[in-house]
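I opened a fresh notebook page for this one and kept my entries short. Please follow along with the structure beside you.

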Amino acid sequence: MFKRKKIGQLLIEAGHITEKELNIGLAEQKKRGKRIGQVLIELGYLTEDKLLPILGKQLKVPFVDLSKVEIKPEVLKMVPEKICRKHILVPISFDGKSLMIGMADPLDVFIIDEIQFQNNCEVVRAICSENQIADATDKLYVAGAMADALNALATGEGGDVDSSALDGLKKASEETPIIKLVNLILTSAVQKGASDIHIEPDEGELRVRLRIDGTLIITMNLQPEALPSVMSRIKILSGMDISERRLPQDGRIQMIIMDKPIDFRVNTIPTAWGEKACLRILDKSNVNVQLDQMGFTPTNFAMLKKAIGSPNGMCLVTGPTGSGKTTTLYSCLNAIKGPDLNICTVENPVEYKLKFINQVQVRPEIELNFSTVLRAFLRQDPDVIMLGEIRDEETASIAVEAALTGHLVFATLHTNDAPSTAIRLVDMGVEPFLVSSALLCIVSQRLARRVCKFCKDVDTTITPEIIADLGLPPEAINETYYRGKGCEKCGKTGYKGRVGVHEVMYTHENLRRMIIQKVGPDDLKNEALRLGMKSLKDDIVVKFQQGLTTPEEVFALARAD
C-alpha cells in the first residue's frame, strides 16, 4: 500500500532544510504543539513561499500565488465574506462548472461541502498563503463595499450627505454599504495588528492609514464623497454628536472582532479638508501579558520584581507616548493583584478594565482630577495605588506622601531616561529628601521593531564599522546576526511585532544620597551605570545580539535619545 511521504522528508528532498534542522524542528514541535511547517518557519529554517508548494504537493492540491491572479467581483459574491474570514479562504475563479477556492487549510472539507451545496457546483481546493488570503479578502470586500456605498450615495439612497440635515446624515451612515465599509476598516486594522487608525481627508482623496509596529502605513484610498457618511457612522458608534463638525470630539467604540473584545478610543478634529478621525485600538487580550514576557533582561527583571514586591514605596515607568508604559504598569499590577490586596487606579481614560482592581477615570469638567481622586484613595484603605500620569506638583507631592505612608505607588512620567526622572520630581517642587526616601525603582522604556520570525535570515550586511558603532568589541563580527528578508506576513518590511527596551534604575543608597544633594542628571546616571544599570542603548544592543532586532533600530533609538 502506498504511504504518503511526510512533509519534513519532502522539504529535505527539495533542499529547503537539512536533516539536522528537521530534527530540531521535531523536538521543538513537541513543546509548541504546532504543525512542523509552522515550527520550522518560526525557527527561521524555512519560509512560507517554500513551504506551501511542498505542502500542496503532499496534499495533492495546487499552490496558487494570489498576488499573481485577478479575482473577479462576480466570483467573490459566490462565497459570503463571513465564511471567507472565519475559515481563512477566498474564491479564486469559476469556469461555469468548477469553483476554485484558495484555502490556508485545504483539509477543512466540511466548509467545502457547504460551499458546494450553496452554489450547486464542484469545488476545487487550492492552498494559499494565509496572509495573502487576508489581504485579498480585505482589498476585494473593501472595494465592493466602497462601490456599493458610493452607488447608494449617488442614487440618493443614503440621503444628501452635503446637506446639514441630521436625518440625512444619520440615514446615510446607517445604510448597509456604509456600515459594511466602516466595519471592514475596523476589522482589517485589528487583523493587521495596528495600534491606531487614521481616517484623514485630503485634496481629492480620503486616506486610511494604520500604525503598525510604530510606523504609519497607507492601507486604503477611498473616494472623498464617502467622508460625511463614514464620519457620521463612526460618531454614532462612539456616542458623539453627529451635528457638531466644528469642534474636536471624543468617544469610544466597543466591538467583538476575531472573537476578542476590542475597544476603540475615538477622537475627531476638523481639518482644512474636512473632519479627521483617529481611533486608538485597545485589545483587551494584550493587557494580560505576563511580566516575564515583557522583554526584560534577567538583571532588569530581578530589580523590578524586587521593587514591586515591596510593601510601600514608588515605582515609576517613563517614556514617550506609545512606548508601552500602560502595558508595563498593568503587567506589574497583574503580577501582584489578588483578593488580599486593595488596588486602586486613577487613569485618563481607563483603557482596560481589570478584575480585583478599583479603577477611576478622571473627569476634569467636574473637577474630578488626578489629585482629587488620589486624596480620596487615601481614605479608601488602599494597599496599592496606580496613577496614569504625574502631571503637576500637587499630584507628585500626594503620590510621594502616599508612598511614604505605607502604600505601594505606581505611576508614569514623561522623561527621557531613568536618572532624569528623579531630578524631574525635584524640579516639580517635591523635596529631595522625600523623593529619595519614596523611590524604589524607575523604568525607562521604548519599543523596538522585532525581526519577523517568518522571514528571519542571517544578516550578511554587518560590517566591522557597524560593530564599532554599536559599541561592541571587534571579535563580535564573528557572531551570527539576523534580519527579516520581507514576506507577506510582515508586509515586506522584515519586521513584525515589537520588543521592549528598558533601562531600570534601582535606587541604591548612593543614589538616594545624590538625589538629596541635588546632583545633576548626568552625575546620577554615571553613578547608576557604575552600580550596574544598563542604559537603553546597552539593552537594545543586547536585543540585537539575541537576533531580535537590527542595527537600524539600535541607531534610531540612539538618535531619539
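Where is Phe356 found? I looked it up and landed in the loop between strand E11 (343–347) and strand E12 (357–361). A reminder to myself before going further: this is a predicted model.

**Entry: backbone angles**

I stayed with Phe356 and read its phi, which is near 70°, a positive value in a residue other than glycine. Its relative accessibility is 42%, so I put Phe356 down as partly exposed.

I then turned to Asn120, a residue other than glycine whose phi is also positive, near 55°. Asn120 belongs to the loop between helix H7 (109–119) and strand E3 (122–127). Is Asn120 buried or exposed? With a relative accessibility of 73%, it counts as exposed.

I noted one glycine as well: Gly239 follows H11, and its phi is positive, near 75°.

**Entry: helix H11 and the loop before it**

Gly239 made me curious about H11 itself. How many of the eleven residues of H11 are buried? I found nine, so the helix is largely enclosed by the rest of the structure. My list of the buried ones reads Leu227, Pro228, Ser229, Val230, Met231, Ser232, Arg233, Ile234 and Lys235.

Stepping back along the chain, I stopped at Pro224, which sits in the loop between strand E6 (215–222) and helix H11 (227–237). Pro224 has a relative accessible area of 32%, so I wrote it down as partly exposed. Not counting residues up to four places away in sequence, Pro224 touches Gly204, Glu205 and Leu206. I also took a long-range distance: Pro224 and Leu374 are 46 Å apart in space, C-alpha to C-alpha, and 150 residues apart in sequence.

**Entry: the cavity**

Next I went looking for enclosed empty space. How many cavities of 30 Å³ or more does the structure hold? The search returned one. The volume of the largest cavity is about 40 Å³.

I wrote out its lining in full: Leu304, Cys315, Leu316, Val317, Thr328, Cys332, Phe410, Cys441 and Val443. Sorting these residues by type gave me eight nonpolar, one polar and no charged. Which elements each supply at least two residues of this lining? They are strand E10 (313–318), helix H13 (325–336) and strand E15 (439–451). E10 has the largest share, with three residues.

**Entry: rings**

I searched the whole structure for aromatic pairs and got one. The pair is Tyr481 with Phe544, and it is stacked, with 4.6 Å from centre to centre and 10° between the planes. Tyr481 lies in the loop between helix H18 (464–469) and strand E17 (482–484), while Phe544 lies in helix H21 (residues 536–545), so the pair ties together parts that are 63 residues apart in sequence. I checked accessibility too, and Tyr481 and Phe544 are both buried.

Then I looked for charges placed over rings. The charged end of Lys456 sits over the ring of Tyr482, 4.8 Å from the ring centre. Another entry of this kind is Arg449, whose charged end sits over the ring of Tyr495, 4.0 Å from its centre.

**Entry: around Arg449 and Tyr495**

What is Glu553 in contact with, leaving aside its neighbours within four places in sequence? I was pleased to meet familiar names again: Ala448, Arg449, Tyr495 and Ile540. Glu553 itself is found in helix H22 (residues 551–560). Its relative accessibility is 11%, and buried means under 20%, so Glu553 counts as buried.

My last stop was Lys496, in strand E18 (residues 495–506). Lys496 has a relative accessible area of 36%, so I noted it as partly exposed. Leaving aside neighbours within four places in sequence, I listed its contacts as Asp213, Arg450, Val451, Cys452, Phe454, Lys489 and Cys490. For a distance, I took Lys496 and Asn119, which are 377 residues apart in sequence and 38 Å apart in space, C-alpha to C-alpha.

How values were computed:
Residues are numbered from 1 along each chain as its sequence is written. This is a predicted model: local features need pLDDT of at least 70, side-chain atom pairs count only at pLDDT 80 or more; totals for chains, interfaces and linings use all residues. Side-chain values use heavy atoms; hydrogens and water are left out. On a 1 Å grid over the protein atoms alone, a cavity is a set of points where a 1.4 Å probe fits but cannot get out, and a pocket is an open set with protein on both sides within 12 Å along at least five of seven lines; lining residues have an atom within 4 Å of a point. Grid points are joined across faces, edges and corners, and a volume is the space filled by probe spheres set on the points. Helices (H or I, at least four residues) and strands (E, at least two) are DSSP runs, numbered from the N terminus. Ala, Val, Leu, Ile, Met, Phe, Trp, Tyr, Cys and Pro count as nonpolar, Asp, Glu, Lys and Arg as charged, and the others, Gly among them, as polar. Rings of Phe, Tyr and Trp (its six-membered ring) pair if their centres lie within 6.5 Å; planes under 30 degrees apart count as stacked, over 60 as edge-to-face and the rest as tilted. Buried means under 20% relative accessible area, exposed over 50%, partly exposed in between (1.4 Å probe, protein chains only). A charge sits over a ring if NZ of Lys or CZ of Arg is within 6 Å of the ring centre and within 35 degrees of the ring normal. Contact means heavy atoms within 4.5 Å.
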